[in-house]
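Work through these exercises with the structure open beside you. Try each task before you read its solution.

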Amino acid sequence: MAIARALLESLMIAAPRCDRADAWKILKTLFETSAARFDLREAFAVDARRFDSLTFEAAGVFADLSKNLIDQRVMAALADLARECRIEQRRDAMLAGAAINATENRAVLHVALRAPRESALHGEEVHEVLERMLAFAERVRDTRASGIRHIVNIGIGGSDLGPQMVVPALDAYCQRDLALHFVSNVDGHDIDSALRGLKPVETLFVIASKTFTTQETMSNARIARDWFVANGGTDTRRHFVAATTNIKAAAEFGIDTTFGFWDWVGGRYSLWSAIGLPIALAVGAQNFRELLGGAQAMDRHFRESPIERNLPIQLGLLDVWYRNFHGFTSRSIAPYHQGLRRLPAYLQQLEMESNGKRVDIDGQLLPFATSPVIWGEAGTNGQHAYFQMLHQGSDVIPVEFILERDPAHVHADAHRKLLANGLAQAQALMLGRSAAEAIGDTVPTASPLMDPEVLARHRTFPGNRPSSTFLIDRLTPAALGALIAMYEHRVFVSGALWNINSFDQWGVELGKMLCNDLLPRFDSGDTAGLDGSTAGLLQRLRH
Ligand code: F6P
C-alpha cells in the first residue's frame with residue numbers, strides 16, 4: 001500500500017490534465033486542419049488495410065473500430081496523449097490499490113474481485129466470501145431440498161443494475177425452476193408486481209445494498225418482510241439474506257446470512273462481489289466463476305497490452321476525441337441480442353455516474369466536456385423507434401453495435417436476419433445516400449404530388465456517421481464478463497484523461513437531502529421556506 005501511495009503522489013505531480021498536454025495541441029491542430037472534415041467513405045477507398053489496422057481482439061471480444069472518424073495520424077496523437085497523461089501509470093496505481101477515489105480516500109479494486117486468490121490484493125477475504133456465496137447459491141439451486149422457486153433481489157443502482165443486466169443476458173445458462181425478480185424502485189407498484197402470485201415458503205429475498213441505508217431498498221425490504229409475515233411466512237431468517245458492507249445494519253434488520261464486501265468496491269463496479277449473488281443463484285457457481293474469468297482475461301489485456309493495441313485504452317481515447325474535439329454529446333448502445341436489453345441502462349450508471357463530473361481531482365472547474373449521455377435499446381427494436389434520428393437527425397451520435405455469431409437458439413434464419421440488420425445499420429450510417437441516388441428510387445409510399453427533387457432531399461442520408469462493432473462468438477459467461485470489464489476500463493481511461501474522480505458520486509446527494517426534508521411535509525403540510533413551485537405541487541399532491 002505504501003508503494004501504491006507513493007505511485008499516486010508522484011503521478012499527481014507529473015501527469016498533466018489532458019487539455020494541458022502537448023498532444024492535445026497537436027490533436028487540436030489536426031482536427032482544425034483536416035480531421036473535422038474526415039470522411040469514412042474516402043478513408044476506406046484509399047486504405048485497403050483500414051479494417052485490419054483498426055480492429056482489435058481482447059479476451060474473446062473482437063472490436064471493429066474502422067467505422068470511426070479516425071486515421072493513423074489521429075490514433076498516433078491520441079496514443080501520445082495517453083502516454084503524456086500517464087494512463088499506464090494511473091492504471092497501475094489503481095491496480096496496486098492506491099486510494100485513487102480521493103474524495104472518499106478509497107482504493108478502487110473491483111479487479112481484485114475476479115483475480116486468483118494468491119495473486120490479488122485482499123485475495124483471502126475475497127475468496128472466503130466468494131466460496132461461501134457460491135456454496136449457498138448451490139444449496140438454494142437444489143430446489144427440491146431448499147423448496148425455493150423465486151428469488152427477489154431488492155436493491156437499486158449498482159446493487160440492482162448489474163445482476164438485472166447479467167441474468168437475462170445469460171438466460172441460456174439459467175436454471176429453469178428458479179425465477180429471478182428484481183425490485184428497485186421505491187414506487188410500490190414495483191414490489192407489488194414482483195410479489196404477485198409468490199408464496200413466502202418458496203421465496204428467498206436478497207437485500208442488496210452496499211450501505212444498507214438506501215431509502216428505496218430499506219423501504220422495499222420492510223414491505224417484503226411485512227408481506228412475508230402477513231402471508232404466513234414463518235422463518236424470516238431462512239428467507240432473507242443480505243449482500244452488504246454494513247453487516248451490523250443487516251443484523252439489526254434481522255438477517256444473519258450475510259455476504260460482505262468492502263468499501264473499495266464501488267456500487268456500479270460491484271456485480272463481481274456479493275452483489276452478484278442473484279447471478280450465482282440463476283446460473284450456478286461454475287458459470288459465475290466463468291463470468292469472473294472472462295473479466296479477469298480482459299483485466300490482463302488492459303494491464304499488459306501496449307497502448308496501441310489496448311482495447312479499453314483505445315475506446316477511452318476515442319471517447320475523448322468525440323466528446324472534446326468533435327463535440328458529440330451522446331453515444332448510443334445497440335446490442336443486437338435480446339438478452340442484453342438492460343445493457344444500456346447498466347452502462348448509463350457505469351459511465352454517467354462515473355464520469356458525469358465538472359471539476360477535476362483538485363476541484364478545479366473543467367474547461368471541457370466530460371461524460372456523454374449514454375442511451376440505447378436492443379436491436380432490432382431500436383431501429384423501429386429512434387434510428388430515424390441516428391440516420392437523418394441534426395446530431396451525429398456514435399453508435400455501438402454488439403453482435404453474437406452463434407446464438408443459443410435454433411432459429412438460424414431469424415439470427416441471420418438479426419445480424420444482417422445490425423451490419424446494415426452500421427453500413428447505412430456510414431455510407432448514407434445522396435440526393436442523386438435517392439431521386440432514382442421507386443417509392444410506392446411517396447406522394448405523387450411532391451416535386452421529385454424535394455422528395456429526394458427528404459430521402460437523403462448524410463452518412464459519415466461513426467459506429468463501432470463488437471463481435472463475440474457466443475454470449476457465454478466468460479464473453480459477457482470480458483465485455484463488461486472492457487466497459488469498466490474504458491470509463492477509467494476517459495475519466496483519467498479528464499483528470500476527474502470516476503469513483504465518487506456526490507451528485508446524487510442533494511436530491512436525497514431535499515427528499516428527506518420534503519417527506520415529513522407530506523404529513524404536516526408545512527410549506528415554509530419552499531420555493532413557490534415545490535410548495536404548490538406539494539399542496540396539490542396532498543389532496
Ligand atoms: O444513487 C447513488 C448510489 O450510491 C449508487 O452509486 C449505488 O449503486 C446506489 O446508490 C445504491 O447504493 P447501496 O448499494 O448502498 O444501496
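**Exercise 1: The ligand and its shell**

Task: Sort the shell around the ligand by class, then find which residues come nearest.

Solution. Start with the classes. The shell holds 2 nonpolar, 9 polar and 2 charged residues. Keep in mind that this model is predicted. Next, look at distance. The shell has 13 residues, and the nearest are Ser 159, Ser 209, Lys 210, Thr 211 and Thr 214.

**Exercise 2: Polar contacts**

Task: Find what lies 2.6 Å or 2.7 Å from an oxygen atom of the ligand.

Solution. Use a cut-off of 3.5 Å between N or O atoms. Step one: Ser 209 places a polar side-chain atom 2.6 Å from a ligand oxygen. Step two: Lys 210 uses a polar backbone atom, at 2.7 Å from a ligand oxygen. Step three: Glu 353 has a side-chain N or O atom 2.7 Å from a ligand oxygen. Now turn to area. Alone, the ligand exposes 390 Å², and the protein buries 86% of that.

**Exercise 3: The largest pocket**

Task: Say which pocket the ligand takes up, and describe its lining.

Solution. The ligand occupies the largest pocket. The volume of this pocket is about 1000 Å³. Its lining has 38 residues; nearest the centre are Thr 214, Glu 353, Gln 505, Val 508 and Lys 512. By class, the lining splits into 12 nonpolar, 16 polar and 10 charged residues. Then check the helices. α11 (215-230), α16 (343-355) and α22 (509-524) each give at least two lining residues. α22 gives the most, with 4 residues.

Definitions and conventions: Residues are numbered from 1 along each chain as its sequence is written. This is a predicted model: local features need pLDDT of at least 70, side-chain atom pairs count only at pLDDT 80 or more; totals for chains, interfaces and linings use all residues. Side-chain values use heavy atoms; hydrogens and water are left out. A residue is near a molecule or strand if one of its heavy atoms lies within 4 Å of it. A polar contact is a pair of N or O atoms within 3.5 Å; within protein, one must be able to donate a hydrogen and the other to accept it, and residues adjacent in sequence count only if both atoms are side-chain atoms. Accessible areas come from the Shrake-Rupley method with a 1.4 Å probe; for residues, only the protein chains shown count as cover. On a 1 Å grid over the protein atoms alone, a cavity is a set of points where a 1.4 Å probe fits but cannot get out, and a pocket is an open set with protein on both sides within 12 Å along at least five of seven lines; lining residues have an atom within 4 Å of a point. A molecule sits in a cavity or pocket if more than half of its atoms lie within 2 Å of its grid points. Ala, Val, Leu, Ile, Met, Phe, Trp, Tyr, Cys and Pro count as nonpolar, Asp, Glu, Lys and Arg as charged, and the others, Gly among them, as polar. Grid points are joined across faces, edges and corners, and a volume is the space filled by probe spheres set on the points.
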